[in-house]
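Me: I would like to learn how to read a structure slowly, one feature after another. Could you show me the general idea each time, and then the case at hand?

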Amino acid sequence: MRTKLEGLEARFWRSMVDEDTDTALSLLTEPAMMESSHGAMKFDHAAQRKMAEQGTMVIADFKLAEMEVVFTNEATAVLTYQVEQAVAPRGTKSEAVTQTMTDSSTWAKSGNKWLCGMCTETAVESGKAKV
C-alpha cells in the first residue's frame with residue numbers, strides 16, 4: 001500500500017507539471033485543504049481548477065525524496081517528504097526557479113479509492129536540503 005500512495009503522490013505532482021487539472025482533481029477530496037507560506041486555505045474543485053489553470057505560477061519540474069508513510073489506520077495515511085520543485089511564471093517554464101521544500105499530505109481511502117484531503121508545504125532553509 002505504501003508504494004501505491006507514493007505513486008499517487010508522484011502522479012499528483014506530475015499532473016501539476018503537465019497542467020492536467022482533471023487528473024489532479026481526481027486525486028483530491030472536495031473540499032480539500034492546504035497550508036503553505038500563503039496561509040491556510042480550504043478549497044473545492046472549482047477553486048483548485050482556477051488556481052491550476054489561471055494562477056500566475058506553475059510547477060515546471062519536481063523531484064521527490066525521503067518519502068515516509070505512516071498509516072494511522074487502514075483507511076488513512078500521512079506522507080512526508082522533501083521536494084525539489086522548479087516554479088516559473090505561467091508560460092515561461094524556461095525561467096524556473098528551484099526551491100527545496102518539505103511537504104506532507106494526508107490521504108484517506110473512500111471505497112477502494114485513495115484521495116488527498118490535506119497538504120502542507122514549508123520552505124527548507126538554505127544549506128539544510130537533503131534532496
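Reply: Let us begin with terms: helices (H or I, at least four residues) and strands (E, at least two) are DSSP runs, numbered from the N terminus, and two strands pair if DSSP finds at least two bridges between them. With these terms in hand, we can say that β1 and β2 form a hairpin with 2 residues between them. Please keep in mind that this is a predicted model, in which local features need pLDDT of at least 70 and side-chain atom pairs count only at pLDDT 80 or more, while totals for chains, interfaces and linings use all residues. Residues are numbered from 1 along each chain as its sequence is written, and side-chain values use heavy atoms, with hydrogens and water left out.

Me: How many bridges join strand β1 to strand β2, and in which sense do the two run?

Reply: Strand β1 covers residues 28–36 and strand β2 covers residues 39–43; they run antiparallel and are joined by 5 bridges. As one example, E35 has A40 in β2 as its bridge partner.

Me: Which residue stands opposite E35 in β6?

Reply: In β6 that residue is T120, which stands opposite E35. The pairing of β1 with strand β6 (residues 113–123) is in the parallel sense and extends over 4 bridges, whereas strand β5 (residues 97–110) runs antiparallel to β6, with 10 bridges joining them. Along that antiparallel pair, M101 stands opposite A123, and A108 stands opposite L115. On the β4 side, strand β4 (residues 76–89) pairs with β5 in the antiparallel sense over 12 bridges, and there L79 stands opposite S105.

Me: How should I read the backbone angles, and where are the unusual ones?

Reply: The general idea is that most residues other than glycine have a negative phi, and most peptide bonds are trans. Here, E19 has a positive phi of about 55° although it is not a glycine, and E19 lies in the loop between α1 (2–17) and α2 (21–26). E66, also not a glycine, has a positive phi of about 55°, but E66 is found in strand β3 (residues 57–73). A glycine case is G111, which takes a positive phi near 70° in the hairpin of β5 and β6, where 2 residues lie between the strands. As for the peptide bonds, a cis one joins E30 and P31, with omega about 0°, and P31 is found in strand β1.

Me: Is Q48 buried or exposed?

Reply: We call a residue buried under 20% relative accessible area, exposed over 50%, and partly exposed in between (1.4 Å probe, protein chains only). Q48 lies in helix α3 (residues 45–54), and Q48 counts as buried because its relative accessibility is 10%. If we take contact to mean heavy atoms within 4.5 Å, and leave aside its neighbours within four places in sequence, Q48 is in contact with L25, L28 and F43. By the accessibility scale, E19 is partly exposed at 42% relative accessible area, and E66 is partly exposed at 43%.

Me: Why is there no bond between the sulfur of C116 and the closest cysteine sulfur, in C119?

Reply: A disulfide is a pair of cysteine sulfur atoms within 2.5 Å. The sulfur of C116 is 5.4 Å from that of C119, and therefore it is too far for a bond. The structure holds 0 disulfides. As to accessibility, C116 is buried, with a relative accessible area of 7%, whereas C119 is partly exposed, at 22%.

Me: How do I read a pocket, and what volume does the largest pocket have?

Reply: Rolling a probe the size of a water molecule over the atoms shows where empty space is left. On a 1 Å grid over the protein atoms alone, a cavity is a set of points where a 1.4 Å probe fits but cannot get out, and a pocket is an open set with protein on both sides within 12 Å along at least five of seven lines; lining residues have an atom within 4 Å of a point. Grid points are joined across faces, edges and corners, and a volume is the space filled by probe spheres set on the points. The largest pocket has a volume of about 1,000 Å³, and 40 residues line it, of which M16, M34, M57, I59 and E121 lie nearest its centre.
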